Amino acid sequence: MEQLLKRLDRLAGGRHAEYVVPAEGRDHPRTRRAFVVIFWLLVAELLIGLAAVVVAVVLTVGGETLPFAVWMRALIVLAMTATLFYFAWRAQKGYYWAYSRLRLFSKIFPVVTLVLAAIPGLYPLWMVSEQILFSLLLIGVADYLDSDHMRSVFPKPGCPVAATS
């Protein structure tokens with residue numbers, strides 16, 4: 001199993017796939033707390049994504065025709081959330097590449113989501129509300145990842161490691 005994960009890490013992490021941050025920062029209580037909160041924010045993301053699928057199924061069974069964009073959005077949210085869980089798990093183990101990807105995507109996805117939510121008529125109101133909540137939760141993830149402490153724990157490869165407080 002570890003070999004498969006290493007291959008996946010190499011694919012996702014590129015040239016820094018093997019770089020792991022020092023254990024002292026990774027095991028710091030503030031780092032562990034941040035990852036606990038991030039985990040629960042991602043669980044909330046997953047529940048929101050599952051709720052969107054359930055609502056879409058219930059409406060469809062009830063005779064309403066939903067646009068293709070609704071189904072794509074619902075499935076893409078679940079796939080994105082699974083990817084974010086993987087990144088968070090590997091970042092918690094100290095992989096810089098995973099922290100970097102999680103930090104990047106937790107900033108990009110809310111912007112994309114809110115832009116799409118603003119397109120009139122693309123999604124029904126219930127899905128626009130789901131997208132706003134999804135974005136707010138991801139902004140919370142980004143906020144934890146962007147803290148001074150977390151950035152000092154995950155320095156770019158080749159940069160000196162800062163002391164964690």
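A residue is called buried when its relative accessible area is under 20% and exposed when that area is over 50%, with partly exposed in between. L114, at 36%, is therefore partly exposed. Keep those cut-offs in mind, since they come back throughout this look at what is a predicted model.

**The overall picture**

The protein chain has seven helices and zero strands, so there's no need to hunt for a sheet by the DSSP definition of these elements. Read from the N terminus, the elements simply go α-α-α-α-α-α-α. Of the 165 residues in the chain, 39% are buried. Among contacts with a separation of 6 or more, 76% come from residues 24 or more positions apart. On the outside, about 9000 Å² is exposed, and carbon and sulfur atoms supply 69% of that area.

**Helix α6, inside and out**

Helix α6 is a good place to start. It has 21 residues and reaches 30 Å from first C-alpha to last, close to the 30 Å expected at 1.5 Å a residue.

Which residues of α6 are buried? They are M127, V128, E130, Q131, F134, S135, L137, L138, V141, A142 and L145. The cover over these buried residues includes α3 (29–61), α4 (68–92), α5 and α7 (148–153).

The helix also has an outward-facing story. L114, I132, L133, L136 and I139 make a nonpolar surface patch of about 420 Å². Helix α6 (residues 125–145) gives the most to this patch, with four residues. L114, for its part, lies in helix α5 (residues 96–117).

**A charged residue among the buried ones**

E130 is worth a closer look. It sits in helix α6, and because its relative accessibility is 8%, it counts as buried. Apart from neighbours within four places in sequence, E130 is in contact with I48, G49, A52, R73 and V77.

What does the side chain of E130 meet in a salt bridge? Its partner is the side chain of R73, at 3.5 Å from N to O. This pair links distant parts of the chain, with E130 in helix α6 and R73 in helix α4, 57 residues apart. R73 is buried, just as E130 is.

**The other salt bridges**

A search of the whole structure turns up four salt bridges. Here are three of them, with their N to O distances:

| Salt bridge | N to O distance |
|---|---|
| E130 and R73 | 3.5 Å |
| D146 and R103 | 2.4 Å |
| D148 and R151 | 2.3 Å |

Take D146 and R103, whose side chains meet at 2.4 Å. D146 lies in the loop between α6 and α7 while R103 is in helix α5, so this pair ties together parts that are 43 residues apart in sequence. D146 is partly exposed, with a relative accessibility of 25%. R103 is partly exposed too, and its relative accessible area is 25%.

D148 and R151 are a more local affair: they are three residues apart in helix α7, so about one helical turn separates them. D148 is exposed, at 60% relative accessible area, whereas R151 is partly exposed at 36%. Elsewhere, salt bridges that share partners join R103, K107 and D146 into one network.

**Aromatic pairs**

The count of aromatic pairs comes to eleven. In one of them, the rings of F39 and W40 have centres 5.1 Å apart and planes at 75°, so the pair is edge-to-face. F39 is partly exposed, with a relative accessible area of 41%, while W40 counts as exposed at 54% relative accessibility.

F87 and W97 form another edge-to-face pair, 5.7 Å centre to centre with 90° between the planes. This one links distant parts of the chain, since F87 is in helix α4 and W97 in helix α5, ten residues apart. Are F87 and W97 buried or exposed? Both are buried. They also belong to a cluster in which ring pairs link Y86, F87, W89, W97, F105 and F109.

Conventions: Residues numbered from 1 in each chain as written. Predicted model: local features only at pLDDT ≥ 70, side-chain atom pairs only at ≥ 80, totals over all residues. Heavy atoms only, no water. Patch = residues over 30% accessible without salt bridge, like charges linked within 9 Å, V, L, I, M, F, W, Y side chains within 5 Å. Areas by Shrake-Rupley, 256 points an atom, 1.4 Å probe, with all protein chains shown as cover. Helix = DSSP H or I, 4+ residues; strand = E, 2+ residues; numbered from the N terminus. Buried < 20%, exposed > 50% of the residue type's maximum accessible area, 1.4 Å probe, protein only. Expected span 1.5 Å × (residues − 1). Contact = heavy atoms within 4.5 Å. Phe/Tyr/Trp six-rings, centres within 6.5 Å; stacked < 30°, edge-to-face > 60°.
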